[in-house]
Amino acid sequence: MKISYNWLKQFIKIDWDSEETAALLTDLGLEVEVVEKYQSVKGGLEGIVVGHVLTCIPHPDADRLKITTVDLGDGVPLQIVCGAANVDAGQKVPVATIGTVLYDKEGGSFTIKKGKIRGQESHGMICAEDELGLGTGHDGIMILDNSIAAGTKAADVFKIENDEVFEIGLTPNRADAMSHLGTARDLRAGLLQSGVNVELITPYVSNFRVDMRTLKIDVNVEEILLAPRYCGVTISGITVKPSPNWLQDRLKAIGITPKNNVVDVTNYVLHELGQPLHAFDATKINGKIIVKTLPSGTKFTTLDDIERTLHEEDLMICDEKGPLCIAGVFGGKNSGVTEHTTSIFLESAYFNPVSIRKTAKRHQLNTDASFRFERGIDPTITAYALKRAALLIQEVAGGDITSDLIDVYQKKIEDFSVFLNFANVAKIIGQEIPKDTIKQILVSLEIKVNSFSETGLGLTIPAYRVDVQREIDVIEEILRVYGYNNISFSNKLNATVSNSPRNEDYKLQNIVATQLNSQGFNEMMANSLTTASYVELSEMLKEEHNVTMLNPLSNDLATLRQSLLFSGLEAISYNINRRNSDLKLFEFGKSYHKFLSGFEEHKHLTLFLTGNRSKESWTTTQKPSDFFLFKGYVDAVLARFGIQKTQNSPATSDVFSEGIAIGAGHNALVEFGVVKKSILKHFGIKQEVFYADFNWDVIIKMISNKIKFTEIPKYPEVRRDLALLVDESVTYDSIYAIAKQSEKNLLKDVNLFDVYEGTNLPEGKKSYALSFIIQDTAKTLTDVQIDKIMGKLQKNFETELGASLR
């Protein structure tokens, strides 16, 4: 947002320099990002003075040139060679002296230097209006009024506007400050706190009156909830033409291109008071003004000559024949003010912020009006701003006010009531602020104090302060005006030791993250907002379970994700397309779901693996990552938390072409496997991707807060191997479970180190080579004990699996 300092001084008489003012505004929360110089004429006519042409004779060596002597008011006439046909003795003219910088139409510059033109010295330049940036004429030099004294600065003659413009990074909640009046209101409060007593000067509208009642246009507001307040008035006999310089300079200073006097006044009042206005050509209004919505699919052409399809919730300003304007957003092509307009209907309204926001977003229109309406403007100045604009239009365009001011305001928007507790102020701020100071700050912010007691204040907050509705908001207002820099802090350092449990979420995340980092994984953080259509890639995800945003930034960021898979695949696709195809990624994040019973969030840990196991090297051959490598990473996460008693089953999710689910009791811990090719194709991924989805909420609940210690065994372990011939349907998990069940105490580990399927084996059979680690922590094992255990294992394998030794 841009604020003109000269304009701001119309509200507050202040002689501070711009740097001091910018610093105070920043302290108040209106952060000034940059202060820019503005001049109505580039260069400010610096170095241009009024000269009196004393003599003018033809150049001896050039037919079109003349040699002049010019008095610049210092008593030392200068010789200047001039090529203008209209230069003559006795004239008062603008002269660019030596060293003056002039600018062309494209912004390029050139410096006036002493020189010779066809053998004659020239000590300056007599200028045309386009050379000074005062117009477009170049038929000859500018001839000034003869009463102007020689030596007078041209900047004083042409009243050059020199201004400073504050670029303020306004936060979205500060709708009240989106104008020069709003900024001045805050600045006044800051000045009062700094000991500078100033008055807030507002535009005078008491001379508003109806000249004649010859053009009455009735107003019918059908959608009261969408347009709580609607004002209008007609002005006739106006002349649409360019605005006067002062008005153009105000708008140009804040980056607005002037159009015509009527439109410029509406823009002026918008940035002056924060109230958007719209002017309709009254002759193009058929019957009365109707504020309503129209059927979905209605066509409407806006000022930018684009035909738009209306939504049934779009609030429209209509007449008896059809739509004229998208309320609070954009005007219509066929009802706007043109150079032929002689009478207007001037509109000032308060529209529902949510409605305007949705309409502007729906039609991808972001205007100065919608920017303010959708954040919430002041409903109390609607009629005041209309009077202000009407008087300005009369001033710059002439005409008469030809109707009473219409004000449809059926249900008044009430102010907010808040009780402020002094104890809470001290608690939040961390310092006692005198009660009288608190009261003074609140009054300076136009917050009414209804009651005063030892414990607190009863307050009424103006309706335009949409961001101040709670006690904590009022405390923030007090703090920003009192000054964050004025809050003292203690030199005493207080430290406490917190006794937090070991299984707090963030601690467990750090443990897993450290482990995965050491295994070559990189952590990723994807946006929780995603594309709604991703649910179509899995039958287990339902569109009705999508949590959608009311005001999405775009269609691609309109829905909260139901699965972390798709955002991970986006990251993989992005990397592969940039020749980074060997990836190990993990992410902690949430999924979001909408059910009939309400909304739910679930936390997940996801792993992604794709590409080769390691980087290309002359010492090792390239080997692609496989399912068993990935399973090892998954098992390592569970093992790190001591989760051991688990069961494996086929994965139920349809995002896997093959996968495993690991559970404990009735709790599903993790599902992992190979992502379906059809899903990978959607993201343009052609290589195999492994994906694991940990139910983090369940894992946290299963982790014990107790630490168990086991003494390191003193006695050696023994290894025995078996080569078993089993059916192809037999899994390693079933062998592992039988082995553990057969010997619970001494059998410490089982490992599958070779699988063979091929020739020399009976049909439907395969060979598993297994190692068994046996150990007694209390004594050394004997051969008899070992043979007994191995015999028991072999027997159980034969009985339960039909296995035999090879």
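**Positive patch.** I looked for clustered positive charge on the surface of this predicted model and found a patch formed by Lys-645, Lys-706, Lys-708 and Lys-744. I then picked out Lys-706 and asked where it sits. Lys-706 lies in the loop between α18 (696–702) and β38 (718–727). Its relative accessible area is 70%, so I noted Lys-706 as exposed, the cut-off for that being over 50%.

**Negative patch.** I next looked up negative charge on the surface. Asp-15, Asp-17, Glu-19 and Glu-20 gather in one such patch. Glu-20 belongs to helix α2, which covers residues 18–27. Is Glu-20 exposed or only partly exposed? I entered Glu-20 as partly exposed because its relative accessibility is 41%, and exposed would require over 50%.

**Strand β27.** I turned to β27, residues 456–461, and checked how many of its residues are buried. Six of the six are buried, so I wrote the strand down as largely enclosed by the rest of the structure. Buried here means under 20% relative accessible area.

I then went through the pairing of β27. Strand β25 (residues 416–421) runs antiparallel to β27 and is joined to it by six bridges. Strand β26 (residues 448–452) is also antiparallel to β27, with four bridges between them. A hairpin of three residues connects β26 to β27.

Last, I looked up which residues face Thr-460 of β27. Ser-417 stands opposite Thr-460, and Lys-448 has Thr-460 as its bridge partner. I therefore recorded Thr-460 among the buried residues of β27 as well, since six of the six in that strand are buried.

Methods: Residues are numbered from 1 along each chain as its sequence is written. This is a predicted model: local features need pLDDT of at least 70, side-chain atom pairs count only at pLDDT 80 or more; totals for chains, interfaces and linings use all residues. Side-chain values use heavy atoms; hydrogens and water are left out. Patches are made of residues with over 30% relative accessible area and no salt bridge: like charges are joined within 9 Å, nonpolar side chains (Val, Leu, Ile, Met, Phe, Trp, Tyr) within 5 Å. Accessible areas come from the Shrake-Rupley method with a 1.4 Å probe; for residues, only the protein chains shown count as cover. A salt bridge is a side-chain nitrogen of Lys or Arg within 4 Å of a carboxyl oxygen of Asp or Glu. Lys and Arg count as positive and Asp and Glu as negative; His and the chain ends are not counted. The place of a charge is taken as NZ of Lys, CZ of Arg, CG of Asp or CD of Glu. Helices (H or I, at least four residues) and strands (E, at least two) are DSSP runs, numbered from the N terminus. Buried means under 20% relative accessible area, exposed over 50%, partly exposed in between (1.4 Å probe, protein chains only). Two strands pair if DSSP finds at least two bridges between them.
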